[in-house]
Amino acid sequence: MKNALVAKILYEVADLLELEGVPFKPRAYRRAARAIEDCPTPIEDLAAEGRLTEIAGVGEAIAQKVAEIVATGKLAYHEELKAKLPVELRALTQVEGIGPKTARLLYEELGIRNLADLERAAAEGRIRSVKGLGEKTEQKIRRGLAETRGAEKRLLLGRAWPLARHLVEQLMATGLYRHVEPAGSLRRGKETVGDLDLLAVSDRPDEAMRAFCSLPDVAEVLAQGPKRSSIRLSDGFQVDLRLVPANAFGAALQYFTGSKEHNIRLRERAAARGWKLSEYGLTSADGEVLAGEDEAGIYRALGLAYIPPELREDRGEIAASEAGTLPELVDARRVRCDLHVHTDSSDGEATLLAMARAAAERGLRAIAITDHLRFAQAIPGLSADDLRRQIEEVRRRNETAGLTLLTGVEANIARDGTVDVPRDLLKDLDLVIASVHTHLRLGRKEMTDRLLRAVEDEGVDILGHPTGRLIGERPPCEADWDEVFRRAAKTGTALEVNAHPQRLDLGAELIRRAIGFGARLAIGTDAHDVGHLDFLEFGVITARRGWATAEHILNTLPVEDLLAARKRGR
DNA sequence: GCCGTTTTCGGCCCGACTGTTTTCAGTCG
């Protein structure tokens, strides 16, 4: 599968053309690169069959270049461009304030090729000497460099939502706003959020902007205008606030929710009808307002079914909307049980009783108690006897807990794929999760075999946090996921959507693939304390981003049906 | 370089803010 390689080279060609100031081509190359990246068929197969131009965005010229990359592993055109402008555009444009034009200028005037060159020039005060740049630009670049050096700035979804809710509360408390609503990648439910976009309506805009820029936690005001302001909080996180007229709130919400690619598609669609779409509304050629007050109206006017924010990534949602084949995404209200909960019997912080009460308070109908089995001396976990006792306790508490408690366990998948669950207890366990916890860096083949063995195990109902990733810390393990999903679907093994903000595992793209193979999903918070039960919503959001409907998810079933639908119930 | 409810040629998303400019280019989202 050479799709990733081909995409990488095409993206670089796009960058280099942009650096040269070539118009339009960069976009064409990026579009083709993205389509190839997303394409589930190996690009070399399409090339062999002469079907490259069937990919949207790939015409004759790019098809030829793709064929060359498939055949030789590189592209002469790409090498030529690199030789002409040996500039690491990607790295340089990551610095706030530097775009392709400035990068080119810096290369021609100062010979700057990469971040190290840039850093030296900034430190020596040479940037201000370039015509068109000045002292402020140099300062901005210095600050930008410091930020780029600073570690991962993106915030986990599970931390960004509470922060956003807090800010909204603070702003509303000033009495200067009619309403304030988060947009951007947060509203789309991306697993990490780079900055926060807030949208507001105010009858006293000047005061409202001042209030925003002087919130207690503001470290720096990056920009302040009558319509848009940007602040940086003391923890380095950037928040933008936009004031919009009430009659254009829907258009603004649509626009600022993005994604950028999705919006470009919508605007093209509007343009094809001779209309114009902006954050102020959808207008016809003669200026008549066709939509703007509510978001759904924009889609309706463009002949589209409403597209939920989680799908707005330009990954086929617009075509599906037009064709009326958008999935009816799972609704958070349908997910009223948590299938992965720990207690202090293993490495959790709270007692079984405390977890049960907290879950009942949150309106959950059922939780599965799934503590670790002891698989290594150093890690807290249950012995077979401990598990036997816990099963008794779960059954006892069940009568007074105010919700259904399911017996369960999170077993470990050993390096060879065997699962350590005590077989004589299987009949007493409502739910068996099996997860990988160690040896996550195996080669693709070995890891695939290992996961397949666990999936085929008749005692395993759910494959827990399948890829083992920790967002921002540990990459997903390598495996032939298509094969894992195919076998999971065939055996009835559910795939976990681990809702812990640092895991979100499976992630959205793999979820979409998994349900494409007909696999079932099981959402669990992996709660190790009572507060973690709130993570459930992030699991639901992630499932929605993966185009999942209620039918794909075990949690949406009443308990008896759930038990019948799990693998060992079939 | 791609593509077609404006088109096989001539388009290609739109607006706010900043800085370095004397009227606008570049960047960002």
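**Note on helix packing, the DNA-facing surface and unusual backbone sites**

1. Helix H1 passes helix H4 in a right-handed crossing. This description rests on a predicted model. The axes of H1 and H4 are 10 Å apart, and the two helices pack at an angle of about 125 degrees. H1 is therefore oblique to H4, because 125 degrees falls outside the 65 to 115 range that counts as roughly perpendicular and is not over 145, the limit for roughly antiparallel.

2. Helix H1, which covers residues 3-19, also meets helix H5, formed by residues 76-84; their axes come within 10 Å and cross at roughly 40 degrees. H1 is thus oblique to H5 as well, since an angle must be under 35 degrees to count as roughly parallel. The crossing of H1 past H5 is left-handed, whereas that of H1 past H4 is right-handed.

3. Helix H4 has a further partner in helix H2. The pair packs at about 55 degrees, with 11 Å between the axes. H2 is accordingly oblique to H4, and the crossing of these two helices is right-handed.

4. UniProt, in an unreviewed entry, places the feature "domain: Helix-hairpin-helix DNA-binding motif class" at residues 50-69, 90-109 and 125-144. In the model, the span 50-69 is 50% helix and 0% strand, and its end C-alpha atoms lie 14 Å apart. For the span 125-144, the corresponding separation is 15 Å, again with 50% helix and 0% strand.

5. Around DNA strand B there are 48 residues, of which Arg 27, Thr 102, Tyr 255, Arg 267 and Ala 272 come nearest. On the DNA side, sugar and phosphate supply 76% of the strand B atoms that come within 4 Å of the protein. By residue class, the protein surface near strand B comprises 19 nonpolar, 18 charged and 11 polar residues.

6. Several polar pairs involve phosphate oxygens of DNA strand B. One such oxygen is 2.8 Å from a polar backbone atom of Gly 99. Another pair links a phosphate oxygen to an N or O atom in the side chain of Lys 276, at 3.1 Å. For Tyr 29, a polar side-chain atom lies 3.3 Å from a phosphate oxygen. The elements that give two or more residues to this surface are helices H2 (25-38), H4 (60-72), H7 (100-110), H9 (135-149) and H14 (260-272), together with strands S5 (218-224) and S8 (276-278). H14 provides the largest share, with six residues.

7. Two cis peptide bonds deserve inspection. The bond between Gly 258 and Ser 259 is cis, with omega about -5 degrees. Ser 259 belongs to the loop that runs between helix H13 (249-257) and H14, and H14 is the helix with the largest share of the surface near DNA strand B. A cis bond also joins Asp 505 to Leu 506, where omega is about 5 degrees. Leu 506 sits in the loop between strand S16 (494-498) and helix H21 (508-516).

8. His 439 should be noted for its backbone: although not a glycine, His 439 has a positive phi of about 50 degrees. The loop that holds His 439 lies between strand S14 (431-435) and helix H19 (444-456).

Conventions:
Residues numbered from 1 in each chain as written. Chains lettered and ligands numbered in written order. Predicted model: local features only at pLDDT ≥ 70, side-chain atom pairs only at ≥ 80, totals over all residues. Heavy atoms only, no water. UniProt positions renumbered as here; feature names shortened; annotations may be inferred. Helix = DSSP H or I, 4+ residues; strand = E, 2+ residues; numbered from the N terminus. Near = heavy atom within 4 Å. Polar contact = N/O pair within 3.5 Å; in protein donor to acceptor, adjacent residues only side chain to side chain. Nonpolar A, V, L, I, M, F, W, Y, C, P; charged D, E, K, R; others polar. Axes fitted to C-alpha atoms, helices over the stretch in contact; angles between N-to-C directions. Left-handed = near helix turned anticlockwise from the far one by under 90°.
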